[in-house]
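Okay, everyone, let me put this one up on the screen. I'll talk through some ring contacts and then a bit of sheet.

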Amino acid sequence: AVVTPKGNSGLLPADVKLTMTFNEAVVAGTGKVTLYNAADDAVVEEFTFAPAMLTGKVLTIVPTVELMQQTTYYVKVDAGLVKDVWTNPFLGISDNTTWAFTTGDFTGPTVVVTPPVSPVATVFTVGLKFNEAVTGVLGGVTVTGGTLTDVAGLGDTYTLTISALQQTEVTIVLTDAIKDISPNTNKFAGLTLTYTTGDFTAPALVTWTPFEETTTENHPTLK
């Protein structure tokens, strides 16, 4: 039998239908089809054969249990579930690899921001930790009030390096150019981060009182 879905199906969990296509017309036998979660071999759902599942050469099963995204499942089929008109039984599927599939990822990435230490230096870093690997970080960050000098990182962890003048407000905006590898648009587009750099210049004396004054050729001078 040809079975679907298989491999990295990319299917939305709600769209999963288990189908078996045989090389000839079959009729009902006895047994069940069992869907497992590959992570722990737990039974997700068992399906007892019903005539409504079979149309000619094709057996179709629609899971009633809600499946999860980015999850690998496998299916086992009892021998004798169906048989041909000569009563030859289907041999079944008893392993966990012949009929295995992985559902798709349809959830956009999220992010946790690590702000710069205070007082904010004129060259500072901002950490971005995503819940999954992403792309587009370099083009997905805009900076005003300063200059984005470096974007370092890979996968789900990145560091932005920004330079600015002292006592300057710097605004960083994350855009929808940052996506996961599916690619799903992120959930934080428009997130705005604002930091103000510190004052790192020592104070200078510009005037003082009292002071002594003398006169040279009728013009006052300071001692």
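So, Phe130, Tyr158 and Phe188 are joined into a cluster through ring pairs. Keep in mind that this is a predicted model. The count of aromatic pairs here comes to six. Let me take one of them, Phe130 with Tyr158: the ring centres are 6.1 Å apart and the planes sit at 75°, so we call that pair edge-to-face. The angle cut-off for that label is over 60 degrees.

Where do those two rings come from? Phe130 belongs to strand 13, residues 123-130, and Tyr158 to strand 17, residues 157-163, so the contact ties together parts that are 28 residues apart in sequence. And are they buried or exposed? Phe130 and Tyr158 are both buried.

One more ring, with a charge this time. Lys76 lies over the face of Tyr36, 5.4 Å from the ring centre.

Okay, on to the sheet. It's an open one with three strands, in the order 15-18-20, and the pairing is antiparallel. At the edges you've got strand 15, which is 141-144, and strand 20, which is 192-196, and each of those pairs on one side only. If you ignore direction, neighbouring strands in this sheet are turned by 15° against each other on average.

Now look at strand 18, residues 169-174. How many bridges does strand 18 make with strand 20? Five, in the antiparallel sense. If you want a residue to click on, try Thr171: its bridge partner in strand 20 is Thr194.

How values were computed. Residues are numbered from 1 along each chain as its sequence is written. This is a predicted model: local features need pLDDT of at least 70, side-chain atom pairs count only at pLDDT 80 or more; totals for chains, interfaces and linings use all residues. Side-chain values use heavy atoms; hydrogens and water are left out. Two strands pair if DSSP finds at least two bridges between them. Helices (H or I, at least four residues) and strands (E, at least two) are DSSP runs, numbered from the N terminus. Axes are lines fitted to C-alpha atoms, for helices over the stretch in contact, and angles run from 0 to 180 degrees between N-to-C directions. Rings of Phe, Tyr and Trp (its six-membered ring) pair if their centres lie within 6.5 Å; planes under 30 degrees apart count as stacked, over 60 as edge-to-face and the rest as tilted. Buried means under 20% relative accessible area, exposed over 50%, partly exposed in between (1.4 Å probe, protein chains only). A charge sits over a ring if NZ of Lys or CZ of Arg is within 6 Å of the ring centre and within 35 degrees of the ring normal.
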